[in-house]
Amino acid sequence: QVQLVESGGGLVQAGDSLRLSCAASGRTFSMYAMGWFRQAPGKERELVGDITWSGGSTYYADFVKGRFTISRDNAKNTVYLRMSSLKPEDTAVYYCAASTQSSPSRYDYWGQGTQVTVSS
């Protein structure tokens with residue numbers, strides 16, 4: 001089992017920056033990748049981006065490229081989502097999720113989510 005806890009959400013203005021954190025605990029040695037997802041009211045959950053736990057390779061959705069950066073601190077078992085140039089349409093609940101070595105393409109573990117609200 002892997003436990004994930006997000007933090008860092010809040011209310012910001014358009015153009016501001018914000019950094020979310022996702023702290024992992026438990027069987028972290030089994031993790032393959034960690035992803036950031038978001039879900040806005042009335043919309044489906046979407047992948048923002050992800051990072052492999054060992055190599056640090058990243059992927060970003062087109063709608064955040066150049067604005068969001070994912071990084072990790074393996075020593076702290078923490079992944080970060082740095083968001084800049086925030087837009088009102090970035091308003092959503094942001095979730096981190098983890099996949100494991102046994103199922104690298106499936107996110108089996110999820111955090112509770114943290115609300116990000118961007119005012120215009």
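Visitor: Is Arg38 buried or exposed?
Guide: This is a predicted model, and the answer comes from computed accessibility. Buried means under 20% relative accessible area. Arg38 has a relative accessible area of 6%, so Arg38 counts as buried.

Visitor: Which residue forms a salt bridge with Arg38?
Guide: The closest N and O atoms of the pair are 2.8 Å apart. A salt bridge needs such atoms within 4 Å. The partner is partly exposed, with a relative accessible area of 30%. It is Glu46.

Visitor: Which residue in S9 does Arg38 stand opposite?
Guide: Strand S4 covers residues 31-39 and is joined to S9 by eight bridges. The two strands run antiparallel. Opposite Arg38 in S9 stands Tyr94.

Visitor: And what is the bridge partner of Tyr94 in S11?
Guide: S11 spans residues 114-119. Three bridges join S9 to S11, and the two run antiparallel. In S11, Tyr94 has as its bridge partner Thr114.

Visitor: How many bridges join S9 to strand S10?
Guide: S10 takes in residues 103-110 and runs antiparallel to S9. The two form a hairpin, with two residues between them. One residue of S9, Ser99, stands opposite Tyr107 in S10. The number of bridges joining S9 to S10 is four.

Visitor: How many of the nine residues of S9 are buried?
Guide: S9 is largely enclosed by the rest of the structure. Ala97 lies in this strand and has a relative accessible area of 0%. Cys96 is also in S9, and its relative accessible area is 1%. Of the nine residues, the number buried is eight.

Visitor: What separates the C-alpha atoms of Ala97 and Tyr107?
Guide: Ala97 and Tyr107 are ten residues apart along the chain. Beyond its neighbours within four places in sequence, Ala97 touches several residues, including Leu4, Phe37, Tyr107 and Trp110. The C-alpha atoms of Ala97 and Tyr107 are separated by 5.9 Å.

Visitor: Which cysteines form a disulfide?
Guide: A search of the whole structure finds one disulfide. The two sulfur atoms are 2.0 Å apart, and the cut-off is 2.5 Å. The pair is Cys22 and Cys96.

Visitor: How many residues apart are Cys22 and Cys96?
Guide: Cys22 sits in strand S3, residues 18-26, and Cys96 in strand S9. Cys22 is buried, at 0% relative accessibility. The link between Cys22 and Cys96 is right-handed, with 60° about the S-S bond. This pair links distant parts of the chain, and the separation in residues is 74.

Visitor: How many salt bridges does the count come to?
Guide: Arg38 and Glu46 form one of them. Lys65 and Asp62 form a salt bridge too, with their closest N and O atoms 3.2 Å apart. Lys65 and Asp62 are exposed. The count comes to five.

Visitor: Which parts does the salt bridge of Asp90 and Arg67 tie together, and how many residues apart are they?
Guide: The side chains of Asp90 and Arg67 meet at 2.7 Å, N to O. Asp90 lies in the loop between strand S8 (78-83) and S9, while Arg67 lies in the loop between strand S6 (58-60) and strand S7 (68-73). So the pair ties together parts whose separation in sequence is 23 residues.

Visitor: Which residues do salt bridges that share partners join into one network?
Guide: Asp90 and Arg67 are both buried. Their salt bridge is 2.7 Å, N to O. Salt bridges that share partners make one network of Arg38, Glu46, Arg67 and Asp90.

Visitor: How far apart in space are Trp36 and Tyr60?
Guide: Trp36 lies in strand S4. At 0% relative accessibility, Trp36 counts as buried. Trp36 and Tyr60 are 24 residues apart in sequence. In space, C-alpha to C-alpha, they are apart by 9.5 Å.

Visitor: Which are the edge strands of the open sheet of four strands?
Guide: The strand order is S1-S3-S8-S7, with antiparallel pairing. Each edge strand pairs on one side only. The edge strands are S1 (2-7) and S7.

Visitor: In S3, what is the bridge partner of Ser7?
Guide: S1 and S3 run antiparallel. Six bridges join them. The bridge partner of Ser7 in S3 is Ser21.

Notes. Residues numbered from 1 in each chain as written. Predicted model: local features only at pLDDT ≥ 70, side-chain atom pairs only at ≥ 80, totals over all residues. Heavy atoms only, no water. Buried < 20%, exposed > 50% of the residue type's maximum accessible area, 1.4 Å probe, protein only. Contact = heavy atoms within 4.5 Å. Pairing = 2+ DSSP bridges.
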